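Here's a friendly walk through one protein model, done as questions and answers. Have a look at it first, then follow along.

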Amino acid sequence: MSLIYNAHYETMDRDELSKLQLLRLQQMIDYCITHVPFYKKKLSEAGITSGDQIKTLKDINKIPFTTKEDIRNNYPDGFLAVPMTDVARVHASSGTTGKPTIGYYTKKDMEIWADASARVLSLNGLTSEDVMQISVGYGLFTGALGFHQGAEKIGCTIVPASTGNTQKQLVMMRDIGATVLMATPSYATYLSDLISQSNTSDNEFKIKRVLLGAERCTKSMRETIEKNLGVTTADNYGLTEFFGPGVAGECEYRCGMHISEDYFYPEIINPETGTVLSDGEQGELVFTSLLREGMPLLRYRTRDITTLNHEKCECGRTSVRMQAPFARTDDMFVFKGVNVFPTQIESAIDCVKELSPYYHIKLERNDRHQDTGTVYVELKKAICLYSDKELEKIKAELDYSLREIVIVKLNTKLVEPETLQRFVGKAKRVEDLRYCNEKS
């Protein structure tokens, strides 16, 4: 049964919420003009010199979009709105050129983020009685620490297991009596399979809820986890540019993920024209920061394709719900919870002089429900012209370059020149077979 962490905002009357959003939007525009030179210039070019010029929420379409490219071109601190001495924490996700997308957080930002994360956990009925095992990576990526601080707000006991050491994960889960597991869908499926196939009795594990995130989750994966563990699962949504996990999450009715609208103002636009679409229409998700000190963003294009639904949910919340993203408008793919761009692969290949620029990425899922990825790269010369030692050296250099730029491990295979498909139009570099046999 879901609990409501902050009833004042999560069940607020729609008219009252709209007034609050408009006020915060106007204040955010003034804040951005004062503290972020990028926005002062961009808003001025659009004829906006004050938040008062935004009279209604519909006027938000007067504000120019912010894109990933804008953030990349202003790396590392072009969107930083406060002195570095006021920054309490820095997080980052993969960037398209090897440079990370950096998120700056003040102390106030951290408090807001913790509150938003606590809401998502409460959506799933978590209380101070729960023991939450977090089995996603700790570090620069926001996933683990985002939910960690939300769980602290609620008062949960936290097991910061991170990733890897699967057998130890299972021992900890069983012996400490974890009641909630937070993991990527693929890792949660793998853990559930191991538990199901073990000789242990069901009552040795206390897991009652599995929170999923960081990568796409299919219906069959959820069904497998729930069948193996006898639990319910829930999806969530977050991105580094807007704190991280806590932006949105599913309640027990699983009819979309509730967005904390008092913090994040959502829109759905036509990705080609930029026109704002109506409820239920499928388009690109756009977010605006309503309360953010360290790194505020106005009308940020997430590239995620989804829909919005403003109808009141059976759980009692009035906040808008988004469907799990159906696709993306760029070439990015999520691999083991990390955003990976083909341009990153290109940068790694460029570091090895013996390799041509022709490559192909193949993503698959093995019988243990784990993601595997292989990068096929053409050599400039025929394989027979290299010695075995030379080939090993070339492959080692490529592996090292990929690890440095992409962070997650991808397998590599060197192939003969002229063997990979050529494209007349836009090249299709990524072959994602992970979901071919899955029910969406």
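Q: In this predicted model, which helix holds both lysine 395 and aspartate 399?
A: The two residues sit four places apart, about one turn of the helix. An α-helix has 3.6 residues a turn, so residues three or four places apart point the same way. The helix that holds both lysine 395 and aspartate 399 is H11, residues 388-406.

Q: How far apart are N and O in the salt bridge of lysine 395 and aspartate 399?
A: A salt bridge needs a side-chain nitrogen of Lys or Arg within 4 Å of a carboxyl oxygen of Asp or Glu. The side chains of lysine 395 and aspartate 399 do meet in one, with an N to O distance of 3.2 Å.

Q: Is aspartate 399 buried or exposed?
A: Its partner lysine 395 has 31% relative accessibility and counts as partly exposed. For aspartate 399 the relative accessible area is 16%. The cut-off for buried is under 20%, so aspartate 399 is buried.

Q: How many salt bridges does a search of the whole structure find?
A: Some of them join up: Arg365, Asp371, Asp432 and Arg434 are linked in a network of salt bridges. Searching the whole structure gives a total of 22.

Q: How many residues apart are glutamate 10 and arginine 317 in the chain?
A: These two form a salt bridge, and their closest N and O atoms are 3.0 Å apart. The pair links distant parts of the chain, with glutamate 10 in helix H1 (residues 7-10) and arginine 317 in the loop between strands S13 and S14. Along the chain, they're separated by 307 residues.

Q: What is the relative accessibility of arginine 317?
A: Both ends of this salt bridge are tucked away: glutamate 10 counts as buried at 6% relative accessibility, and arginine 317 counts as buried too. For arginine 317 the value is 0%.

Q: Which strand holds arginine 301, the salt-bridge partner of glutamate 284?
A: The closest N and O atoms of glutamate 284 and arginine 301 are 2.6 Å apart. Glutamate 284 is in strand S11 (residues 283-289), and arginine 301 comes 17 residues away. Glutamate 284 is buried at 0%, and arginine 301 counts as buried at 12%. The strand holding arginine 301 is S12, residues 300-306.

Q: Which strands are at the edges of the open sheet that contains S11 and S12?
A: Four strands make up this sheet, in the order S10-S11-S12-S15, with antiparallel pairing. An edge strand pairs on one side only. The edge strands here are S10 (264-269) and S15 (327-328).

Q: Which residue in S12 is the bridge partner of phenylalanine 287?
A: S11 and S12 run antiparallel and are joined by four bridges. Across in S12, phenylalanine 287 is partnered by tyrosine 300.

Q: How far apart are the end C-alpha atoms of helix H5?
A: H5 covers residues 107-123, which is 17 residues. At 1.5 Å a residue, the helix should span 24 Å. The model agrees with that, as the end C-alpha atoms are 25 Å apart.

Q: Which residue just after H5 takes a positive phi?
A: H5 itself is mostly covered, with 14 of its 17 residues buried. Just past the helix, a phi of about 80° turns up. The residue that takes it is glycine 125.

Q: Are H5 and H6 roughly parallel or roughly perpendicular to each other?
A: H5 packs against helix H6 (residues 143-154) with axes 7 Å apart and an angle of about 75°. Residues making the contact include Met110 and Trp113 of H5, along with Phe147 and Gln149 of H6. Angles of 65 to 115 degrees count as roughly perpendicular, so H5 and H6 are roughly perpendicular.

Q: How far apart are the C-alpha atoms of arginine 89 and lysine 107?
A: Arginine 89 lies in strand S1 (residues 87-93) and counts as partly exposed at 24% relative accessibility. Beyond its sequence neighbours, arginine 89 is in contact with several residues, among them Met110, Trp113 and Gln149. Lysine 107 is 18 residues from arginine 89 along the chain, and their C-alpha atoms are separated by 8.1 Å.

Notes: Residues numbered from 1 in each chain as written. Predicted model: local features only at pLDDT ≥ 70, side-chain atom pairs only at ≥ 80, totals over all residues. Heavy atoms only, no water. Buried < 20%, exposed > 50% of the residue type's maximum accessible area, 1.4 Å probe, protein only. Pairing = 2+ DSSP bridges. Expected span 1.5 Å × (residues − 1). Axes fitted to C-alpha atoms, helices over the stretch in contact; angles between N-to-C directions. Parallel < 35°, antiparallel > 145°, perpendicular 65-115°, else oblique. Contact = heavy atoms within 4.5 Å.
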